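This report walks through a protein model, beginning with one strand and moving outward to the sheet, the core and a few individual residues. Please keep the sequence and the structure in view while reading.

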Amino acid sequence: MMSEQLGLLKVIVVQGKRLVIRDFKSSDPYVVLKLGNQTAKTKVINSCLNPVWNEELNFTLTEPLGVLNLEVFDKDLLKADDKMGNAFLNLQPLVSAARLRDILRVSSGETTLRKVIPDVENCLVRESSINCVNGEVVQNVWLRLRGVESGELELIIKLATPIAPAT
């Protein structure tokens, strides 16, 4: 089974909110993202429970579609890094929206292609809209971290290269 390349997935890790304390009074958080066998991570932000990263990490998006997995860790110098929660994002709605963009031939301005509603099958904190912004498909999401008392992550996901037009 050959994996088909769908384009470049840009994930901007914007910020974290109300992250859990893993050190004495704070945490030194960083985020690890995984898509299939691709892994990327943000820089560490010291002593911060509401970190702002604004870091862009790039992945190759292939079929069959994987799920974007995120895990937040607290950087420790002397022992193993502590877990600060995890989340995942299903990329199917983003890819479907990109196909819709191709069918509608949307290329300029800003158009909302679809909305994703929070439910038990996802980690969304609130409704997430997928927009076409000047031809690029963009999804803004707030994800609730699982396995911890509190914490949310904001991401902006962009599907950079166009998906091949349907014939």
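## A largely enclosed strand

In this predicted model, strand β9 is largely enclosed by the rest of the structure, because seven of its nine residues are buried. On one side β9 runs antiparallel to β8, to which it is joined by four bridges, and within this pairing Asn 131 has Val 138 of β9 as its bridge partner. The two strands β8 and β9 form a hairpin with two residues between them, and in that turn Asn 134 has a positive phi of about 50°.

β9 also pairs with β10, again in the antiparallel sense, over eight bridges. Here Val 138 stands opposite Lys 158 in β10, so that Val 138 has Asn 131 in one pairing and Lys 158 in the other.

## The sheet and its helix

What is the order of the strands in the open sheet? Six strands are arranged as β4-β1-β10-β9-β8-β7, with antiparallel pairing. The edges are formed by β4 (52-63) and β7 (110-116), each of which pairs on one side only. On average, and with direction ignored, neighbouring strands of this sheet are turned by 20° against each other.

At the β7 edge, six bridges connect β7 with strand β8 (residues 128-133) in the antiparallel sense, and Thr 111 stands opposite Cys 132 of β8. Helix α1 (residues 92-104) packs on the sheet, where it touches β1, β4, β7, β8, β9 (136-144) and β10 (152-159), and the direction of the helix makes about 145° with that of β7.

## The nonpolar core

In soluble globular proteins, nonpolar side chains tend to be buried together. In this model the largest nonpolar core has 43 residues, and the members that touch the most other members are Leu 9, Val 11, Leu 33, Phe 59, Leu 68, Leu 143 and Leu 155.

Leu 68 can serve as an example from this group: leaving aside neighbours within four places in sequence, Leu 68 is in contact with residues including Val 11, Leu 33, Phe 59 and Leu 155. Other contacts of Leu 68, again beyond four places in sequence, include Lys 34, Ala 87, Phe 88, Leu 91 and Ile 157.

## A buried glutamine in β1

Is Gln 15, a residue of strand β1 (residues 4-17), buried or exposed? Gln 15 has a relative accessible area of 15%, which lies under the 20% limit, and therefore counts as buried. The side chain of Gln 15 makes polar contacts with two other side chains, that of Lys 17 at 2.9 Å and that of Glu 154 at 2.8 Å. Not counting residues up to four places away in sequence, Gln 15 touches Pro 51, Val 52, Trp 53, Trp 142, Glu 152, Leu 153 and Glu 154.

## Cysteines and an exposed loop residue

A search of the whole structure finds zero disulfides. Cys 123 is buried at 5% relative accessibility, and Cys 132, the residue opposite Thr 111, is buried at 0%.

Glu 121, by contrast, counts as exposed at 60% relative accessibility, and its place is in the loop between β7 and β8. Although Glu 121 and Asn 90 are 31 residues apart in sequence, their C-alpha atoms are 9.3 Å apart in space.

Technical notes:
Residues are numbered from 1 along each chain as its sequence is written. This is a predicted model: local features need pLDDT of at least 70, side-chain atom pairs count only at pLDDT 80 or more; totals for chains, interfaces and linings use all residues. Side-chain values use heavy atoms; hydrogens and water are left out. Buried means under 20% relative accessible area, exposed over 50%, partly exposed in between (1.4 Å probe, protein chains only). A polar contact is a pair of N or O atoms within 3.5 Å; within protein, one must be able to donate a hydrogen and the other to accept it, and residues adjacent in sequence count only if both atoms are side-chain atoms. Contact means heavy atoms within 4.5 Å. A disulfide is a pair of cysteine sulfur atoms within 2.5 Å. Two strands pair if DSSP finds at least two bridges between them. Axes are lines fitted to C-alpha atoms, for helices over the stretch in contact, and angles run from 0 to 180 degrees between N-to-C directions. A nonpolar core is a set of buried Ala, Val, Leu, Ile, Met, Phe, Trp, Tyr and Cys residues joined through side-chain atoms within 4.5 Å.
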